[in-house]
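Me: I am new to protein structures and would like to learn how to read one. Could you walk me through this one, feature by feature?

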Amino acid sequence: MADVTTTQQAQVPLTGVVGERLRALGDAVVAVERCDERRGMARIDPDRVVEVARKMFAMPGTRLATCTGLDVRDGVDVLYHWAVEPEGLVITLKALAAGPELEIDSIANELPAANWIEREMHDLLGANFRNHPDMRRLILDDSWPEGVYPLRKSFDQVADRPPPPPVPPAPEEDLP
Amino acid sequence: MALVNWALRKSLWVYHVNTGACNNCDIELLDLLTPRFDIERFGMMLVGSPRHADVLAVTGVCTRQAQPRLQEVYRQTPKPCIVMAVGSCAGAQGIFTEAYHMGVGVDNAIRAVDASAIIAYVPGCPPKPEAMIACAVKAMELIKTL
Amino acid sequence: MHVMGTIGIYVVAAVGTLALGLLAKWYDRKVTAMVQYRKGPPVYQPLADVLKLFCKETLMPSTARGTGFLIAPAVGLASAGLVAAILWAALVRPGVSSFPADLIVVIYLLLIPPIATILGASASGNPHASLGASREMKLILSYELPFLLALLVGVIHAAGAGGVWSLSLGGLAEAQAEAGSTLYSVSGVLAMISAVLAVQAKLGQVPFDQAEAECEIMSGVYVEYSGTPLALILMTRAMLLAVMPLLLILALWGGLGGGLPGALAFAGKYLLLVTLVTLIRNTNPRLRIDQTMKFFWLGLTPAAVLAVVLAVIGRTWTITWL
């Protein structure tokens with residue numbers, strides 16, 4: 001594992017800004033998958049997500065573009081996409097929320113931008129974020145049952161659909 | 001009640017409901033008010049409240065979230081009223097029939113509230129304004145027979 | 001018999017003004033269509049609108065207070081009809097039918113439709129309606145003063161000509177018949193400008209229609225009305241559109257002159273005022289309520305006060321063109 005990291009980091013190209021940023025994260029980076037001129041992808045330790053987020057946010061010109069979730073065999077892979085503005089780089093950091101509890105620390109306390117993104121991931125994929133300040137339902141409707149996660153690969157879009165929402169109750173009295 | 005029929009035919013007020021559309025049909029609906037098609041010469045006006053409306057122009061597939069709200073809006077439209085399902089999405093949910101967040105569809109949602117609702121379909125993605133005017137004319141012919 | 005005669009006059013004037021109002025509404029929509037390069041609706045369109053609304057069912061929201069909600073449009077309509085009766089009587093027979101201080105009665109009666117709107121909107125229990133009602137209250141506070149000052153200029157000019165202060169519309173019409181219209185003087189022009197803009201706000205037309213803002217607050221004050229109450233509201237607005245230019249012509253533009261030339265001139269002036277209201281409506285966006293208040297209090301009220309001052313100076317030192 002250590003050889004792979006140093007070999008890939010030794011291949012940092014001329015601009016090297018991406019490699020520099022990844023190097024600044026230290027040993028929280030478990031593996032580096034890609035380190036091009038403008039794109040970086042690395043896997044980080046899921047227990048140190050908050051610390052990495054804090055460090056990335058403190059770097060100059062960096063902002064959290066978005067987070068995505070992937071339903072993989074071992075759990076839910078949470079990807080954090082960081083954009084570095086003046087140079088136009090995107091660095092993607094991946095953290096695995098391992099199953100079956102799918103728990104990972106929430107970064108919403110440090111970055112309010114991630115608040116709704118984590119709520120959406122919880123609604124659609126079932127990823128549980130520890131210490132999230134406001135974990136409510138975001139985009140599924142009110143009649144959707146708890147515990148059914150539609151974007152999981154095990155969910156059939158037609159066969160597993162819950163029953164449709166009920167008709168709202170009629171008013172008691174009508175005007176003549 | 002020939003006078004009632006005449007008045008209803010000559011002055012249809014339209015309220016636009018978007019139940020999860022991509023806005024293409026909404027733009028075409030707005031085209032009807034421009035000088036090229038000008039439905040105001042038929043007496044049709046876009047109004048701001050469902051309680052003033054005679055025609056509910058519904059665009060979009062009826063998503064699960066929009067479904068109870070569409071049913072409430074239909075209840076708040078004074079009868080007699082016509083529901084115009086604009087576009088393939090409002091007619092039969094278009095290409096989105098197999099998605100997880102679909103409701104029962106615009107026509108089934110409205111018939112769950114009122115089994116004798118008048119629903120007019122305008123197919124197209126998006127339908128041309130001429131098609132919408134043809135649908136409005138057919139609706140007026142139907143009102144003549146009421 | 002006297003009572004029956006009075007009621008007869010009221011009914012004839014109200015129905016006639018309703019017909020005239022629906023025609024004026026059609027004219028307004030047709031001019032709007034011409035300005036926008038379209039063909040407009042046919043001449044029977046406003047009549048079809050009102051008839052259709054009578055035939056729809058009336059829905060009442062569960063949060064509404066029924067009595068106030070349903071009575072408010074009827075009260076507005078009745079007072080609009082009464083104003084129409086007083087004004088037509090004063091126009092046609094200024095000596096006979098115009099009683100002293102009927103100008104003040106008309107001003108009071110013209111306040112009732114907006115207040116009925118506010119009461120009906122507050123009774124409907126809808127947050128959009130209460131927003132529209134608060135905007136209507138602010139509008140009334142803004143446009144009433146310039147309107148009254150403009151009418152005051154007419155009164156001052158009439159007093160200057162004949163020497164007698166009279167607050168009756170017949171007196172104003174007769175004084176202008178002797179000494180020429182109030183409009184043909186500097187203070188008259190300023191007064192007419194303030195009056196026309198105040199009328200624009202009173203009729204609820206763009207740029208001052210924040211109370212009934214379609215698609216901004218979903219028809220604001222009228223959001224919960226449907227069926228017959230909505231038909232009554234439309235009829236009230238049509239009658240106000242027919243009646244306001246009439247008041248302006250009586251107070252500031254000479255009333256009805258004698259014979260056929262006088263009648264033709266009156267028709268031309270009336271049409272010009274309705275066209276002015278329509279064109280202002282078509283060429284302006286809707287203002288915000290704070291912009292409207294600033295416009296009325298910091299722009300129009302000083303202009304109206306200036307007009308009053310000039311009129312008083314003109315009367316005291318007999319300078320007729322002031």
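Reply: Happy to! Keep in mind that this is a predicted model. A good start is to list helices and strands: chain A has four helices and seven strands.

Me: In what pattern do they follow each other along chain A?

Reply: Write α for a helix and β for a strand, then read along the sequence: chain A gives α-α-β-β-α-β-β-β-β-α-β. Try chain B next, with its six helices and five strands. From the N terminus, chain B reads α-β-α-β-β-α-β-α-α-β-α.

Me: How much of chain A and of chain B is buried?

Reply: For this, look at how many neighbours crowd around each residue; a residue counts as buried if 20 or more other C-beta atoms lie within 10 Å of its own. In chain A, buried residues make up 26% of the 176 residues. In chain B, the share is 49% of 146 residues.

Me: And what share of the contacts joins residues far apart in sequence, say at least 24 places?

Reply: Set aside the pairs that are less than 6 apart and look at the rest. In chain A, 47% of those contacts join residues at least 24 apart. In chain B, residues 24 or more positions apart account for 81%.

Me: Why can chain B be said to agree with a compact globule?

Reply: Compare its radius of gyration with the value for a globule of that length. With 146 residues, a compact globule would have a radius near 15 Å, and chain B has 14 Å, so the two agree. Along its principal axes, the C-alpha trace of chain B spans about 45 × 35 × 25 Å.

Me: Which residues have the most contacts inside the largest nonpolar core?

Reply: Think of a core as buried nonpolar residues linked to one another. The largest one here has 91 residues, and those with the most contacts inside it are C:Ala84, C:Leu87, C:Val243, C:Leu248 and C:Leu250. Helix α8 of chain C, residues 228-252, gives the most to this core, with 20 residues. A second, separate core has 38 residues, including B:Leu32 and B:Met84.

Me: What does C:Leu248 touch beyond its neighbours in sequence?

Reply: Leaving aside neighbours within four places, C:Leu248 is in contact with C:Ala195, C:Val199, C:Trp253 and C:Leu273.

Me: Last one: how many residues meet where chain B touches another chain?

Reply: Count each side separately. Between chains B and A, 13 residues of chain B are in contact with 10 residues of chain A. Here α3 of chain B gives the most to its side, with four residues. Between chains B and C, the contact takes 19 residues from chain B and 26 from chain C. That side of chain B has seven nonpolar, six polar and six charged residues.

Conventions. Residues are numbered from 1 along each chain as its sequence is written. Chains are lettered from A and ligands numbered from 1 in the order in which they are written. This is a predicted model: local features need pLDDT of at least 70, side-chain atom pairs count only at pLDDT 80 or more; totals for chains, interfaces and linings use all residues. Two residues are in contact if their C-beta atoms, placed from the backbone, lie within 7 Å. Ala, Val, Leu, Ile, Met, Phe, Trp, Tyr, Cys and Pro count as nonpolar, Asp, Glu, Lys and Arg as charged, and the others, Gly among them, as polar. A nonpolar core is a set of buried Ala, Val, Leu, Ile, Met, Phe, Trp, Tyr and Cys residues joined through C-beta atoms within 7 Å. A residue is buried if 20 or more other C-beta atoms lie within 10 Å of its own, exposed if 12 or fewer, and partly exposed in between; C-beta atoms are placed from the backbone. Helices (H or I, at least four residues) and strands (E, at least two) are DSSP runs, numbered from the N terminus. The radius of gyration is taken over C-alpha atoms; the globule rule is 2.2 Å times the number of residues to the power 0.38.
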